[in-house]
Amino acid sequence: MTLSFTYQGSAARIVFANGASANVGLWVEKLGCSRALVLTTPHQAADGRALSDRLGALSVGILAEASMHTPVEVTERAVARAAELAADCVVSLGGGSTTGLGKAMAYRTNIPQIVVPTTYAGSEVTNILGQTEGGRKTTVRHESIIPEIVIYDPALTLGLPVGMSVTSGLNAMAHAIEGLYAEDRNPVSSLMALEGLRAFADSLPDIVREPRNPEARSKALYGAWLCGTVLGAVGMALHHKICHTLGGSYDLPHAETHAVMLPHTAGFNASAAGEALSGAAEIFGGTIGGGLWDFAKSLGAPLTLHELGLEESDLDRAAEIAGQNPYYNPRPIDRASIRALLQAAWEGRRPDQ
């Protein structure tokens, strides 16, 4: 077998253990920091305050303003607040919204980051920042975006609502699926992608049946790390472009949008990337698009863009935006093919492939 590839692993230090979040202060000190600003969303403000209290003198307070799709105006306020408090690091507690805010701050100021994920977003181990301004979501890659420390504590996910667990997991799985047919894919990232998909295929049904199952929660968080690492190692394609369009331009919920679109984008690309997707198709019953749709349905995930609030009249413009700025995809795309794909996702039709 002749191989030719490049691979760059994430620079983030990974700490994975039940109870690991109790040692956040230790990692603040290991970074040489002493004035941590705790970031979270308004919904998780109480958790942020509890973490700040545990940090004691190592914390300068909390900022509970993280928001979906990382609006630039929120980032600018956070940067100003960190400067006002003379914060020398941030501790991001929460899901992709909070992680995104910390990454956006680091991109602008190089402030060190510790991330404590409480969902399965996976973005905490990437050098990718997606941010929204003026109704458009753009993506940038830079090494300053990668957090220094990521603390995975499965115990923090035991209370994650089932619906959010499912959509967050499907969101992470999308990173792995697109990683399998990425233009710059490599044997290492593909192995991690398949392992991450298996972890979610095993754990999400158990979480639906028994939400506080510690083994299932641990396996799902493990899958999130693997799928996120794939996202950081290789480029993405049509799926992420469409989801960024729907999120940035129509403010659709991030994880739910990925959950709805994944069977359709995977099925669309199956005709051109069947060999690359064969291992994933086997995990989900033989056909990748239909198999993922069946899996999502069995978990009670949303299946239509319509139920997320997108109007059918929005599909033409969404297809136009998603087709702008040429980008790699294993199957050739044009506005008409994207429009047809969006129609199927809006209606919730089961993909054939």
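This is a short talk on one predicted model, going from its annotated spans to its cores, one pocket and a few single residues.

Okay, thanks everyone. Keep in mind throughout that we're looking at a prediction.

Let me start with the annotations. UniProt, in an unreviewed entry, lists residues 12-154 as "domain: Alcohol dehydrogenase iron-type/glycerol dehydrogenase GldA". In the model, that stretch comes out at 32% helix and 28% strand, and its end C-alpha atoms sit 18 Å apart. Then there's a second annotation, also from an unreviewed entry, "domain: Fe-containing alcohol dehydrogenase-like C-terminal", and that one covers residues 166-346. What's the helix and strand content there? It's 71% helix and 0% strand, with 19 Å between the end C-alpha atoms.

Now, the cores. The largest nonpolar core has 54 residues. Which of them have the most contacts inside the core? Those are Met173, Ile177, Leu197, Phe200 and Ile288. As for where this core comes from, β8 (149-152) supplies at least two residues, and so do the helices α5 (162-180), α6 (187-209), α7 (214-233), α9, α10 (274-283) and α11 (288-298). There's also a second, separate core of 21 residues, and among its members are Tyr250, Leu315, Ile338 and Leu341. As a general point, nonpolar side chains in soluble globular proteins tend to be buried together.

If you want one residue to click on in the largest core, take Met173. Setting aside neighbours within four places in sequence, Met173 is in contact with Leu197, Phe200, Leu204, Cys227, Leu262, Phe284, Leu292 and Phe295.

While you're around there, have a look at His175, which is in helix α5. Is His175 buried or exposed? Its relative accessible area is 4%, so it counts as buried. Beyond residues up to four places away in sequence, His175 touches Ala121, Cys227, Gly228, Val230, Leu231, Met236 and His240. Notice that Cys227 is on the contact list of Met173 and on that of His175.

Next, a pocket. I've picked the second largest one, with about 250 Å³ of space in it. It's lined by 13 residues, and the closest to the pocket centre are His264, Gly267, Phe268, Ala344 and Pro351. Two elements give two or more residues to the lining, α9 (254-270) and α13 (335-347). Of the contributors, α13 gives the most, with four residues. And what's the lining like by class? Five nonpolar, four polar and four charged residues.

Staying with that part of the chain, go to Ala319, in helix α12, residues 315-322. Ala319 has a relative accessible area of 0%, so it's buried. Leaving out neighbours within four places in sequence, its contacts are Arg335, Ile338, Arg339 and Leu342. One of those, Ile338, belongs to the second core I mentioned. For Leu342, the C-alpha to C-alpha distance from Ala319 is 7.4 Å, with their positions 23 residues apart in sequence.

Over to the first annotated span. Thr98 lies in helix α4, residues 96-109. It's another buried one, because its relative accessible area is 0% and the cut-off for buried is under 20%. What does Thr98 touch, not counting residues up to four places away? Leu39, Thr40, Thr41, Ala66, Ser92 and Leu93.

Then Lys137, in strand β7, residues 136-141. Why does this lysine count as buried? Because its relative accessibility is 17%, and buried means under 20%. Leaving aside neighbours within four places, Lys137 is in contact with His69, Gly130, Gln131, Thr132, His244, Gly248 and His254. There's a long-range relationship to look at as well: Lys137 and Leu246 are 109 residues apart along the chain, yet their C-alpha atoms are separated by 9.0 Å.

That brings me to backbone oddities. His69, one of those Lys137 contacts, has phi near 70 degrees, a positive value in a residue other than glycine. His69 is in the loop between β3 (59-63) and α3 (72-85), and at 6% relative accessibility it's buried. Ala86 isn't a glycine either, and it has a positive phi of about 55 degrees. It's also in a loop, the one between α3 and β4 (89-94). Ala86 is partly exposed, though, with a relative accessible area of 45%.

That's my tour. Happy to take questions.

Conventions
Residues numbered from 1 in each chain as written. Predicted model: local features only at pLDDT ≥ 70, side-chain atom pairs only at ≥ 80, totals over all residues. Heavy atoms only, no water. Buried < 20%, exposed > 50% of the residue type's maximum accessible area, 1.4 Å probe, protein only. Contact = heavy atoms within 4.5 Å. UniProt positions renumbered as here; feature names shortened; annotations may be inferred. 1 Å grid on protein atoms, 1.4 Å probe; cavity = no way out; pocket = protein on both sides within 12 Å on 5 of 7 lines; lining within 4 Å. Points joined across faces, edges and corners; volume = space filled by probe spheres on them. Nonpolar A, V, L, I, M, F, W, Y, C, P; charged D, E, K, R; others polar. Core = buried A, V, L, I, M, F, W, Y, C linked by side-chain atoms within 4.5 Å.
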